[in-house]
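Here are my notes after a read through this one. Have the structure open while you go through the points.

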Amino acid sequence: METTNWLDTLIHRFGGHEFPATAAFSAFARDTLPQEIDPIKDPDDTLMAWMEHEEFLFRTYERHIVQQRLRQGFGDDGDDVDAFISYSLSVQNRRKSRVGHAFEGHLEALFATNSLKFERSKGKGRVTENNSRPDFLFPSFSCYHDPEFPADHLIVLGAKTTCKDRWRQVLAEAHRIKRKHLITLEPAISVPQTDEMKAAHLQLVLPRVLHSSFTTTQAENLLDVTGFIDEVKNASFV
């Protein structure tokens, strides 16, 4: 479908005047993916396809909304520079915030489709030590807080589209779990950084297609999405 046709579909679905909630937009992206995918047989390609399709749809819809706002001008005379800069920053911040929430939402849909037992930190009481809120905890927060539940059956997963220095946040989010997992879409992370992650018992998870951007030695220590799902299933939750 051409961009113009997608825009017509988006306007019909969301009105064309404001951005919908990320969860609603992400669900629309999953439901309208042009290609056939199988989230159970191929979680890696499914996740990438969902993210790429949503990014295309969002940029298409964003262009339409921003163009409308630009035509209105800024301030009484339409040339208020400060108002324009403020609006520009809000556009950039929305992009950054949206992609992170979309990533977590697609992961949630992927895990649910694969019948994994998990919880996100959204909700009352879903915290670990020091009120930390890990992105995903397998199988549940209640199991985590049950001293009788074996720690080696618990898995914590942080989700960050890019790592930078924020990956260290995951290390403090669940003290009972020594080996943490972090899923990201950032390719070609430097060798010193992946060495540091490995020393801190942080297992990197990336969609399979991104593994080729790492050195051979680095790639040996990477986990793909399929492998992570298998790990969760093999944890033998009770």
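**Notes on the cores, packing and backbone**

1. The largest nonpolar core has 39 residues, and the members touching the most others are Phe111, Phe138, Ile183 and Phe228. Two or more residues each come from helices H3 (43-72), H4 (81-113) and H9 (225-234), and likewise from strands S2 (136-138), S3 (155-160), S4 (180-184) and S5 (202-205). Keep in mind that this is a predicted model.

2. There is also a second core, separate from that one, with 10 residues. Trp6, Phe14, Phe25 and Ile65 are among them.

3. Back to the big core for a moment: what does Phe228 contact, once neighbours within four places in sequence are set aside? The list is Phe111, Phe138, Ile155, Leu157, His181, Val205 and Leu223. Two of those names, Phe111 and Phe138, also appear with Phe228 among the residues that touch the most other core members.

4. Now the helix pair H3 and H9. Their axes come within 7 Å and cross at roughly 120°, so the two helices count as oblique to each other. On the H3 side the residues are Pro43, Asp44 and Leu47, and they meet Val225, Thr226 and Ile229 of H9. By type, the contact is made of four nonpolar residues, one polar and one charged.

5. On to the strands. S4 and S5 run parallel and are joined by four bridges. Ile183, one of the best-connected core residues in the sense of touching the most other members, has Val205 as its bridge partner in S5. S5 is covered on both faces: Leu202 and Leu204 are buried on one side, and Gln203 and Val205 are buried on the other.

6. Have a look at the peptide bond between Phe138 and Pro139, which is cis, with omega about 0°. Pro139 sits in the loop between S2 and helix H5 (141-144). As background, most peptide bonds are trans.

7. Two residues that are not glycine deserve a glance for their phi values. Ser115 has a positive phi of about 60° and lies in the loop between H4 and strand S1 (119-120). Its relative accessible area is 62%, so Ser115 is exposed.

8. The other is His201, again with a positive phi of about 60°. This histidine is in the loop between helix H7 (191-199) and S5. Is His201 buried, exposed or partly exposed? With a relative accessible area of 39%, His201 is partly exposed.

Key
Residues are numbered from 1 along each chain as its sequence is written. This is a predicted model: local features need pLDDT of at least 70, side-chain atom pairs count only at pLDDT 80 or more; totals for chains, interfaces and linings use all residues. Side-chain values use heavy atoms; hydrogens and water are left out. A nonpolar core is a set of buried Ala, Val, Leu, Ile, Met, Phe, Trp, Tyr and Cys residues joined through side-chain atoms within 4.5 Å. Buried means under 20% relative accessible area, exposed over 50%, partly exposed in between (1.4 Å probe, protein chains only). Contact means heavy atoms within 4.5 Å. Axes are lines fitted to C-alpha atoms, for helices over the stretch in contact, and angles run from 0 to 180 degrees between N-to-C directions. Angles under 35 degrees count as roughly parallel, over 145 as roughly antiparallel, 65 to 115 as roughly perpendicular and the rest as oblique. Ala, Val, Leu, Ile, Met, Phe, Trp, Tyr, Cys and Pro count as nonpolar, Asp, Glu, Lys and Arg as charged, and the others, Gly among them, as polar. Two strands pair if DSSP finds at least two bridges between them.
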